[in-house]
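Work through the exercises below with the sequence and the 3D structure open beside you, and try each task before you read its solution.

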Amino acid sequence: MRTIIPCNRLLESHEEFSQDKLDEVMHHALTASTAQPSCVEVYDQGEQRFVFFRERQLYAAGVVRGGQFENTSIRDYLLGTSRMNFPAIACYELNSAILHALLILFQKKPALRVLTSLVDLDQVLDQIEDDGKSCIVSAARDNFLAMLRYERGRATALCHELSVSVPRESSFRDEFLVKIYTITAAQPLTISLFEDLLVTYAEDARTIPEDFANRFDSLYLSKPPIVSLQFKGREVDHWVFDRPRLNIGRTPDNDVVIDNLAVSRLHAVLEEEKGCYFVRDCDSLNGTVVNGQKVGRTRLEDGDTISIGKHSIVFRRQGGRDVPAGESVAGFDQTMIIAPESVPPVMPAVPTARPEAAPQSTTRDAAMSPTDPSKNPCLVMRTEFGDRVIEMRNDRLVIGNDMEADVAIEGMFIAREHAEIVRENGRVLLRKLGGLRRVRVDGHAVREAELKNHSEIRIASDLFVFEE
Amino acid sequence: MRYLLISDIHGNLEALQATLDAAEHLMPYQLMCLGDIVGYGADPAACINLVGDRANLMLAGNHDLAVAGLIPHEGFNPVARESVEWTRQNLTNEDRELLSGLPLEYIDGDYCFAHASPIDPMSFHYVRTLEDVAGVFASIGQRFCFVGHTHLPALVAMNQASGRMEVIREPKICLKDGFRYFINVGSIGQPRDNNPDACMVFLDDEAGALEFLRVSYDITASQEKILAHGLPSFLAERLLLAR
């Protein structure tokens with residue numbers, strides 16, 4: 001069973017899979033992604049694995065099994081595809097709205113999930129339109145997937161192609177419903193409603209430079225290191241470190257057994273975490289020393305020597321690179337919020353002919369990518385993935401737990417409109433509007449404060465710096 | 001020739017019995033078992049007996065050899081290691097001797113049978129890509145090659161004239177002259193292709209037909225046995241997940 005994802009068009013497909021072919025297709029997708037987001041699918045009988053590209057970024061990845069969507073790291077994608085069973089490869093061109101909707105399916109839990117037989121779908125859509133909601137409604141069964149996107153109560157459809165002809169004058173909503181009712185005649189579909197529309201990139205997402213010609217697995221995967229046990233300069237034994245941990249101790253139940261009284265029963269462990277390697281002392285009697293220094297837990301580099309009692313353990317890499325922990329991905333947003341104005345209207349997929357893609361908007365929305373410094377004051381949101389710059393184009397900027405806020409933040413007791421930054425009489429003021437979490441400026445909790453250059457604003461776990 | 005091909009039973013008596021019951025209407029056929037009769041599941045002895053009674057061919061899989069003590073099981077993952085040890089303790093010496101005497105591959109005219117790959121059978125290489133299959137075809141002369149081991153059914157046809165290979169995703173095909181076939185028969189006792197039903201292959205070369213057949217069985221009973229014997233619960237969960 002294979003779920004066909006919506007797309008602008010199929011760029012290429014190959015029945016013959018090899019690691020080299022996959023790498024080649026991924027390079028094509030990377031290049032294509034400068035114009036439009038793209039994705040590469042590797043599928044076999046049991047599962048479909050996707051990796052998404054956006055503006056030369058390896059952005060996100062996921063796996064679909066039996067209609068169930070699951071978010072994964074890009075590393076998992078590469079490892080998973082190498083283990084598939086006679087897979088085939090396909091590469092698609094998407095657009096921002098399709099990418100966003102697919103990421104919702106992979107990353108978010110629906111607010112509502114019901115069978116069509118149990119709900120009046122017309123009523124659900126009416127409610128969304130009356131409430132002026134922004135959300136995504138998906139209808140799925142077996143290999144069928146259709147998605148209807150609402151922005152403030154207005155519909156934009158992303159539909160899976162089906163052999164049903166629909167008059168062009170119909171609305172996206174009507175076309176969505178016709179497709180569903182045709183399929184659901186046989187068996188009910190599962191309808192899901194997603195209201196949380198904040199998506200994010202993979203934990204190991206990266207921007208790939210223009211001159212990158214290497215293999216992607218050299219970026220993400222490395223051969224497991226070798227751990228060599230030595231005594232008086234001679235190797236006693238060695239292990240390939242290809243599992244999450246290696247236990248080191250005196251007793252025989254350990255992976256690395258050092259039969260010496262100076263060694264504790266469980267003395268230390270070697271740990272692998274997301275491609276990086278660590279040694280951790282387990283409260284041993286005589287301690288664990290790395291390169292001459294006693295350690296609690298430390299990261300291991302190629303050639304590091306761990307001394308335990310009179311023995312040495314040398315850690316040796318076999319090539320490839322560590323995935324750097326917490327590498328900042330320049331130019332990335334922490335979350336990709338598709339503000340309604342930035343999405344070009346998408347024509348529904350009509351089975352007889354694929355329509356032309358709608359004209360792209362020429363200006364980029366500030367929420368999609370960081371803007372260059374300009375005459376307007378800016379709010380810089382500091383995240384572990386990098387800085388996100390929000391330019392203050394108008395006289396008011398709203399910070400809150402609302403997808404439509406200028407600055408969307410998450411957290412308990414954060415209000416839809418939690419705080420605002422306003423320009424008044426040549427001054428810039430921050431005002432708390434609602435919610436229970438305190439707003440701190442330069443460390444002090446405030447209801448209202450004037451912002452100066454480099455003022456630090458903290459709300460819950462989010463930190464912003466105001467730049468004039 | 002009529003063959004019923006089964007593999008990777010892994011001590012799952014419920015799946016094995018359901019398979020043989022479902023295949024009764026296909027008789028007569030030669031029952032060919034491609035190995036891994038034991039390991040993971042809770043009925044190793046009963047499976048050895050049932051296959052031993054009925055099968056025309058029984059190959060040794062890596063789990064069978066590990067249980068027999070002929071290959072080290074240190075290379076196995078921790079769950080597999082545990083089940084090898086449990087299986088050893090729950091088989092008689094005779095059963096273990098039987099496993100240690102099983103052949104690694106078998107050739108009969110146009111047909112080649114192995115547990116994982118006919119190339120260096122003791123290494124139990126996974127054949128997972130067209131490149132791997134090309135290597136298999138290059139190293140054997142037979143028209144048909146049947147394997148198991150991966151628990152993932154697959155069918156690859158090679159055009160002998162052009163050398164071009166194609167993965168066939170349909171469960172039933174008509175055999176064509178001028179084509180060679182590589183078939184992974186899937187698993188009876190622990191399918192991993194997201195379909196929990198036991199998988200077998202039926203071949204009738206006179207009728208020119210090859211078909212993958214799936215049989216549902218009482219998974220709950222198998223799961224309960226695994227848990228009752230204190231085997232890792234993951235082995236029970238994965239029967240339903242089919243992964």
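**Exercise 1.** In which sense do strand S14 (residues 226–231) of chain A and S15(A) pair, and over how many bridges?

Before solving, note that this is a predicted model, in which local features need pLDDT of at least 70, side-chain atom pairs count only at pLDDT 80 or more, and totals for chains, interfaces and linings use all residues. Residues are numbered from 1 along each chain as its sequence is written, while chains are lettered from A and ligands numbered from 1 in the order in which they are written.

*Solution.* Start with the terms: strands (E, at least two residues) and helices (H or I, at least four) are DSSP runs, numbered from the N terminus, and two strands pair if DSSP finds at least two bridges between them. S14(A) and S15(A) pair in the antiparallel sense, over 6 bridges. Next, look at a single position, where A:Phe231 stands opposite A:Arg234 in S15(A). Finally, turn to the hairpin that these strands form, which has 2 residues between the strands and in which A:Lys232 takes a positive phi near 50 degrees.

**Exercise 2.** Why does strand S15 (residues 234–240) of chain A lie largely in the open?

*Solution.* First recall the cut-offs: a residue is buried if 20 or more other C-beta atoms lie within 10 Å of its own, exposed if 12 or fewer, and partly exposed in between, with C-beta atoms placed from the backbone. Then apply the first of them to S15(A): the number buried among its 7 residues is 0, so the strand lies largely in the open.

**Exercise 3.** Which residue stands opposite A:Ala268 in S19(A)?

*Solution.* Begin with strand S18 (residues 268–273) of chain A, which pairs with strand S16 (residues 245–249) of chain A in the antiparallel sense over 4 bridges; here A:Ala268 is the bridge partner of A:Ile248. S18(A) also pairs with strand S19 (residues 276–281) of chain A, in the antiparallel sense over 6 bridges, and in S19(A) the residue opposite A:Ala268 is A:Asp281.

**Exercise 4.** How many residues does the contact take from chain A, and how many from chain B?

*Solution.* Two residues are in contact if their C-beta atoms, placed from the backbone, lie within 7 Å. By this rule, chain A gives 11 residues and chain B gives 13 residues. The chain A side that touches chain B has 2 nonpolar, 5 polar and 4 charged residues, where Ala, Val, Leu, Ile, Met, Phe, Trp, Tyr, Cys and Pro count as nonpolar, Asp, Glu, Lys and Arg as charged, and the others, Gly among them, as polar.
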